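This report is a guided reading of one protein chain and the ligand modelled with it. Please keep the sequence and the 3D view side by side while you read.

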Amino acid sequence: MSLSIKIRSLVRPGALLSNFGLPNSAIQGAWSQSRHFSAVRMSPRKKFWLVALIGVTGGAAAGGTYTFYQMKQARIPIMNAGTGTVGTILLDKPDIAPSRRIVSKTDKYDLQLVLFQYQTCPFCCKVRAFLDYHGFSYDVIEVNPVMRQQMRWSTYKKVPILLAKVDGGYQQMNDSSVIISALTSYMHNPSEGLTAALKYYPSIEFKDDEGNVKSEVMNRHFLMFGESMPKGKTKESIK
Ligand SMILES: *[C@@H]1O[C@H](CO)[C@@H](O)[C@H](O)[C@H]1NC(C)=O
(Lines give C-alpha, C1' and ligand atoms only; values in the text may rest on other atoms or scores of the structure.)
Protein backbone atom coordinates (compact mmCIF):
# COMPACT_ATOMS: atom_id res chain seq x y z
CA MET A 1 0.00 0.00 0.00
CA SER A 2 2.51 2.60 1.07
CA LEU A 3 4.83 1.59 -1.78
CA SER A 4 2.29 2.41 -4.48
CA ILE A 5 1.51 5.70 -2.81
CA LYS A 6 5.16 6.66 -2.92
CA ILE A 7 5.52 5.72 -6.60
CA ARG A 8 2.48 7.74 -7.45
CA SER A 9 3.66 10.81 -5.68
CA LEU A 10 6.95 10.58 -7.54
CA VAL A 11 5.28 10.77 -10.94
CA ARG A 12 2.73 13.33 -9.87
CA PRO A 13 2.22 15.42 -13.05
CA GLY A 14 2.60 18.89 -11.68
CA ALA A 15 5.81 18.14 -9.82
CA LEU A 16 7.85 16.31 -12.38
CA LEU A 17 6.52 15.98 -15.89
CA SER A 18 5.56 19.60 -16.42
CA ASN A 19 9.23 20.49 -16.15
CA PHE A 20 9.83 18.76 -19.44
CA GLY A 21 7.33 21.01 -21.20
CA LEU A 22 4.89 18.24 -21.96
CA PRO A 23 1.35 19.25 -22.83
CA ASN A 24 -1.14 18.92 -20.09
CA SER A 25 -3.09 16.22 -21.87
CA ALA A 26 -0.03 13.92 -21.99
CA ILE A 27 0.48 14.48 -18.33
CA GLN A 28 -3.09 13.66 -17.63
CA GLY A 29 -2.68 10.52 -19.73
CA ALA A 30 0.36 9.41 -17.80
CA TRP A 31 -1.40 10.14 -14.58
CA SER A 32 -4.43 8.10 -15.54
CA GLN A 33 -2.13 5.31 -16.70
CA SER A 34 -0.43 5.27 -13.37
CA ARG A 35 -3.88 5.14 -11.87
CA HIS A 36 -4.71 2.30 -14.15
CA PHE A 37 -1.50 0.57 -13.10
CA SER A 38 -2.33 0.91 -9.48
CA ALA A 39 -5.81 -0.38 -10.12
CA VAL A 40 -4.48 -3.84 -10.98
CA ARG A 41 -2.44 -4.26 -7.87
CA MET A 42 -2.60 -7.45 -5.97
CA SER A 43 -5.41 -8.38 -3.71
CA PRO A 44 -4.59 -7.49 -0.09
CA ARG A 45 -4.51 -11.18 0.78
CA LYS A 46 -1.86 -12.06 -1.82
CA LYS A 47 0.05 -8.99 -0.88
CA PHE A 48 0.01 -9.99 2.75
CA TRP A 49 1.54 -13.35 1.94
CA LEU A 50 4.11 -11.83 -0.39
CA VAL A 51 5.19 -9.36 2.27
CA ALA A 52 5.21 -12.13 4.87
CA LEU A 53 7.35 -14.30 2.60
CA ILE A 54 9.83 -11.48 1.96
CA GLY A 55 9.89 -10.75 5.67
CA VAL A 56 10.51 -14.33 6.72
CA THR A 57 13.13 -15.02 4.03
CA GLY A 58 14.92 -11.75 4.70
CA GLY A 59 14.81 -12.33 8.43
CA ALA A 60 16.15 -15.87 8.11
CA ALA A 61 18.91 -14.74 5.77
CA ALA A 62 19.94 -11.87 8.05
CA GLY A 63 19.73 -14.05 11.15
CA GLY A 64 21.69 -16.83 9.49
CA THR A 65 24.39 -14.45 8.31
CA TYR A 66 24.63 -12.91 11.75
CA THR A 67 24.87 -16.28 13.51
CA PHE A 68 27.47 -17.45 11.03
CA TYR A 69 29.46 -14.26 11.61
CA GLN A 70 29.22 -14.71 15.38
CA MET A 71 30.41 -18.31 15.18
CA LYS A 72 33.26 -17.33 12.94
CA GLN A 73 34.27 -14.56 15.34
CA ALA A 74 34.06 -16.93 18.30
CA ARG A 75 36.47 -19.33 16.65
CA ILE A 76 39.15 -16.73 16.05
CA PRO A 77 41.71 -17.50 18.73
CA ILE A 78 42.99 -14.51 20.65
CA MET A 79 46.54 -14.23 21.74
CA ASN A 80 48.17 -11.97 24.21
CA ALA A 81 51.07 -10.06 22.86
CA GLY A 82 54.23 -11.72 24.11
CA THR A 83 53.85 -14.41 26.70
CA GLY A 84 50.83 -13.06 28.58
CA THR A 85 49.92 -10.40 31.08
CA VAL A 86 51.12 -10.23 34.63
CA GLY A 87 48.59 -9.21 37.27
CA THR A 88 48.15 -5.52 37.89
CA ILE A 89 48.83 -4.10 41.32
CA LEU A 90 45.95 -2.76 43.41
CA LEU A 91 46.80 0.67 44.78
CA ASP A 92 44.77 0.08 47.94
CA LYS A 93 43.65 -2.93 49.88
CA PRO A 94 39.84 -3.26 49.72
CA ASP A 95 38.37 -1.68 52.83
CA ILE A 96 37.05 -4.83 54.50
CA ALA A 97 37.75 -5.74 58.11
CA PRO A 98 39.40 -9.15 58.46
CA SER A 99 37.40 -11.89 60.14
CA ARG A 100 40.51 -13.04 62.01
CA ARG A 101 44.25 -12.62 61.99
CA ILE A 102 46.58 -15.61 61.94
CA VAL A 103 49.82 -14.56 63.59
CA SER A 104 52.84 -16.79 63.20
CA LYS A 105 55.77 -16.04 65.46
CA THR A 106 58.05 -17.84 63.01
CA ASP A 107 57.05 -15.79 59.95
CA LYS A 108 60.29 -15.15 58.06
CA TYR A 109 58.88 -13.26 55.12
CA ASP A 110 56.70 -10.41 56.41
CA LEU A 111 54.59 -10.38 53.26
CA GLN A 112 51.37 -8.95 54.79
CA LEU A 113 48.95 -11.39 53.23
CA VAL A 114 45.17 -11.19 53.07
CA LEU A 115 43.24 -14.33 52.19
CA PHE A 116 39.70 -14.08 50.80
CA GLN A 117 38.07 -17.41 51.41
CA TYR A 118 35.24 -19.67 52.48
CA GLN A 119 36.39 -21.63 55.50
CA THR A 120 35.06 -24.91 54.08
CA CYS A 121 36.16 -24.55 50.45
CA PRO A 122 38.75 -27.26 49.66
CA PHE A 123 40.97 -24.93 47.62
CA CYS A 124 40.97 -22.45 50.49
CA CYS A 125 41.89 -25.26 52.92
CA LYS A 126 44.78 -26.11 50.63
CA VAL A 127 46.06 -22.51 50.69
CA ARG A 128 45.65 -22.23 54.49
CA ALA A 129 47.48 -25.52 54.98
CA PHE A 130 50.33 -24.20 52.85
CA LEU A 131 50.48 -20.84 54.65
CA ASP A 132 50.33 -22.48 58.09
CA TYR A 133 52.93 -25.09 57.21
CA HIS A 134 55.39 -22.44 56.10
CA GLY A 135 54.59 -20.18 59.02
CA PHE A 136 53.14 -17.19 57.20
CA SER A 137 51.06 -14.68 59.10
CA TYR A 138 47.92 -13.67 57.25
CA ASP A 139 44.56 -11.99 57.60
CA VAL A 140 41.48 -13.98 56.75
CA ILE A 141 38.45 -12.37 55.17
CA GLU A 142 35.48 -14.72 55.19
CA VAL A 143 33.39 -14.15 52.09
CA ASN A 144 29.64 -14.26 52.54
CA PRO A 145 28.72 -17.17 50.27
CA VAL A 146 25.30 -15.74 49.41
CA MET A 147 25.89 -12.03 48.85
CA ARG A 148 29.64 -12.22 48.30
CA GLN A 149 29.92 -8.49 48.97
CA GLN A 150 33.55 -8.96 50.09
CA MET A 151 34.43 -9.84 46.49
CA ARG A 152 32.87 -6.79 44.82
CA TRP A 153 36.20 -5.09 44.33
CA SER A 154 37.52 -7.92 42.11
CA THR A 155 36.56 -8.86 38.56
CA TYR A 156 37.88 -12.33 39.31
CA LYS A 157 35.06 -13.77 41.40
CA LYS A 158 36.33 -17.05 42.80
CA VAL A 159 37.92 -17.86 46.13
CA PRO A 160 40.65 -18.18 47.22
CA ILE A 161 42.22 -14.84 46.38
CA LEU A 162 45.39 -13.81 48.16
CA LEU A 163 46.57 -10.22 48.38
CA ALA A 164 50.18 -9.50 49.22
CA LYS A 165 51.72 -6.14 50.03
CA VAL A 166 54.35 -5.21 47.46
CA ASP A 167 56.01 -1.98 46.39
CA GLY A 168 53.30 0.44 45.28
CA GLY A 169 50.27 -1.49 46.51
CA TYR A 170 48.84 -4.96 46.74
CA GLN A 171 49.42 -7.84 44.38
CA GLN A 172 46.34 -9.96 43.73
CA MET A 173 46.87 -13.70 43.26
CA ASN A 174 43.99 -15.76 41.93
CA ASP A 175 43.59 -19.53 42.10
CA SER A 176 45.03 -21.81 44.80
CA SER A 177 47.67 -23.36 42.52
CA VAL A 178 48.92 -19.97 41.36
CA ILE A 179 49.12 -18.80 44.99
CA ILE A 180 51.10 -21.84 46.11
CA SER A 181 53.41 -22.00 43.09
CA ALA A 182 54.14 -18.27 43.17
CA LEU A 183 54.81 -18.25 46.93
CA THR A 184 57.04 -21.33 46.69
CA SER A 185 59.02 -19.73 43.88
CA TYR A 186 59.26 -16.56 45.94
CA MET A 187 60.46 -18.45 49.04
CA HIS A 188 63.22 -20.00 46.99
CA ASN A 189 64.56 -16.57 46.19
CA PRO A 190 62.98 -14.01 48.57
CA SER A 191 65.48 -11.26 47.82
CA GLU A 192 64.02 -10.91 44.32
CA GLY A 193 60.60 -10.07 45.76
CA LEU A 194 57.15 -11.47 45.18
CA THR A 195 56.49 -9.34 42.10
CA ALA A 196 59.49 -10.92 40.41
CA ALA A 197 58.18 -14.41 41.21
CA LEU A 198 54.74 -13.52 39.87
CA LYS A 199 56.23 -12.41 36.56
CA TYR A 200 56.71 -16.11 35.87
CA TYR A 201 52.96 -16.70 36.12
CA PRO A 202 51.41 -14.63 33.37
CA SER A 203 47.78 -15.25 32.53
CA ILE A 204 46.95 -16.09 28.94
CA GLU A 205 43.57 -15.14 27.52
CA PHE A 206 41.77 -17.47 25.18
CA LYS A 207 38.27 -18.21 23.92
CA ASP A 208 36.46 -21.38 24.85
CA ASP A 209 34.19 -23.30 22.42
CA GLU A 210 31.31 -20.89 23.10
CA GLY A 211 33.53 -17.92 22.35
CA ASN A 212 33.70 -16.68 25.96
CA VAL A 213 36.99 -15.10 26.92
CA LYS A 214 38.71 -17.08 29.65
CA SER A 215 42.07 -16.57 31.21
CA GLU A 216 44.38 -19.21 32.45
CA VAL A 217 47.79 -19.30 34.08
CA MET A 218 49.28 -22.09 32.03
CA ASN A 219 52.19 -22.99 34.28
CA ARG A 220 50.37 -22.73 37.60
CA HIS A 221 51.47 -26.24 38.60
CA PHE A 222 55.13 -25.44 38.02
CA LEU A 223 57.66 -23.87 40.34
CA MET A 224 59.97 -21.26 38.92
CA PHE A 225 63.43 -21.45 40.42
CA GLY A 226 65.22 -19.37 37.81
CA GLU A 227 68.85 -20.24 37.39
CA SER A 228 69.35 -21.65 40.86
CA MET A 229 67.97 -25.16 41.03
CA PRO A 230 67.50 -26.40 44.61
CA LYS A 231 70.12 -28.93 45.67
CA GLY A 232 69.37 -32.53 44.80
CA LYS A 233 66.42 -31.62 42.54
CA THR A 234 65.90 -31.96 38.83
CA LYS A 235 63.46 -30.10 36.62
CA GLU A 236 61.27 -33.22 36.49
CA SER A 237 61.19 -33.75 40.24
CA ILE A 238 59.92 -30.28 41.16
CA LYS A 239 56.83 -30.13 39.00
C1 LIG B 1 43.59 -11.76 39.18
O2 LIG B 1 42.39 -11.36 38.57
C3 LIG B 1 42.25 -9.96 38.42
C4 LIG B 1 40.88 -9.70 37.89
O5 LIG B 1 40.61 -10.49 36.77
C6 LIG B 1 43.34 -9.42 37.51
O7 LIG B 1 43.24 -8.02 37.38
C8 LIG B 1 44.68 -9.78 38.12
O9 LIG B 1 45.67 -9.36 37.26
C10 LIG B 1 44.77 -11.28 38.36
N11 LIG B 1 46.02 -11.56 39.06
C12 LIG B 1 46.99 -12.31 38.52
C13 LIG B 1 48.21 -12.46 39.33
O14 LIG B 1 46.90 -12.82 37.42
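In this predicted model, the ligand is surrounded by Gly87, Thr88, Ser154, Thr155, Tyr156, Gln172, Met173, Asn174, Leu198 and Ser203. When these residues are sorted by class, the shell around the ligand contains 3 nonpolar and 7 polar residues, while no charged residues are found in it. The element that gives the most to this shell is strand 6, covering residues 169–174, which supplies 3 residues.

Strand 6 also belongs to a sheet, and the sheet is a good place to continue. Strands of a sheet pair through backbone hydrogen bonds, and this pairing can be either parallel or antiparallel. Here the sheet is open and has 6 strands in the order 1-6-5-3-4-2, with mixed pairing. Its edge strands, each of which pairs on one side only, are strand 1 (89–90) and strand 2 (100–102).

On one side, strand 6 pairs with strand 1 in the antiparallel sense over 2 bridges, and in this pairing leucine 90 stands opposite tyrosine 170 of strand 6. Strand 6 also pairs with strand 5, again in the antiparallel sense, over 6 bridges, with valine 166 having glycine 169 of strand 6 as its bridge partner. The hairpin of strand 5 and strand 6 has 2 residues between the strands, and glycine 168 in this hairpin takes a positive phi near 85 degrees.

A further hairpin is made by strand 7 (residues 204–207) and strand 8 (residues 213–216), which run antiparallel and are joined by 4 bridges. Across this pair, lysine 207 stands opposite valine 213, and phenylalanine 206 stands opposite lysine 214. Between strand 7 and strand 8 there are 5 residues, and in this hairpin glycine 211 takes a positive phi near 90 degrees.

Some backbone angles deserve a closer look. Most residues other than glycine have a negative phi, and most peptide bonds are trans. Aspartate 110, although a residue other than glycine, has a positive phi, and this aspartate 110 is found in the loop between strand 2 and strand 3 (113–117). The peptide bond from valine 159 to proline 160 is cis, and proline 160 is found in the loop between strand 4 (138–142) and strand 5 (161–166). The table gathers the backbone angles.

| Site | Angle | Value |
|---|---|---|
| Glycine 168 | phi | near 85 degrees |
| Glycine 211 | phi | near 90 degrees |
| Aspartate 110 | phi | near 50 degrees |
| Valine 159 to proline 160 | omega | near 0 degrees |

Turning to the helices, how do helix 4 and helix 5 lie relative to each other? The axes of helix 4 (residues 122–133) and helix 5 (residues 176–188) come within 9 Å and cross at roughly 15 degrees. Since angles under 35 degrees count as roughly parallel, helix 4 and helix 5 are therefore roughly parallel to each other. Their crossing is left-handed.

Finally, one stretch can be compared with a database record. An unreviewed UniProt entry places the feature "transmembrane region" at residues 48–69. In the model, residues 48–69 are 100% helix and 0% strand, and the end C-alpha atoms of this span lie 31 Å apart.

Terms used. Residues numbered from 1 in each chain as written. Predicted model: local features only at pLDDT ≥ 70, side-chain atom pairs only at ≥ 80, totals over all residues. Near = placed C-beta within 6 Å. Nonpolar A, V, L, I, M, F, W, Y, C, P; charged D, E, K, R; others polar. UniProt positions renumbered as here; feature names shortened; annotations may be inferred. Pairing = 2+ DSSP bridges. Axes fitted to C-alpha atoms, helices over the stretch in contact; angles between N-to-C directions. Parallel < 35°, antiparallel > 145°, perpendicular 65-115°, else oblique. Left-handed = near helix turned anticlockwise from the far one by under 90°.
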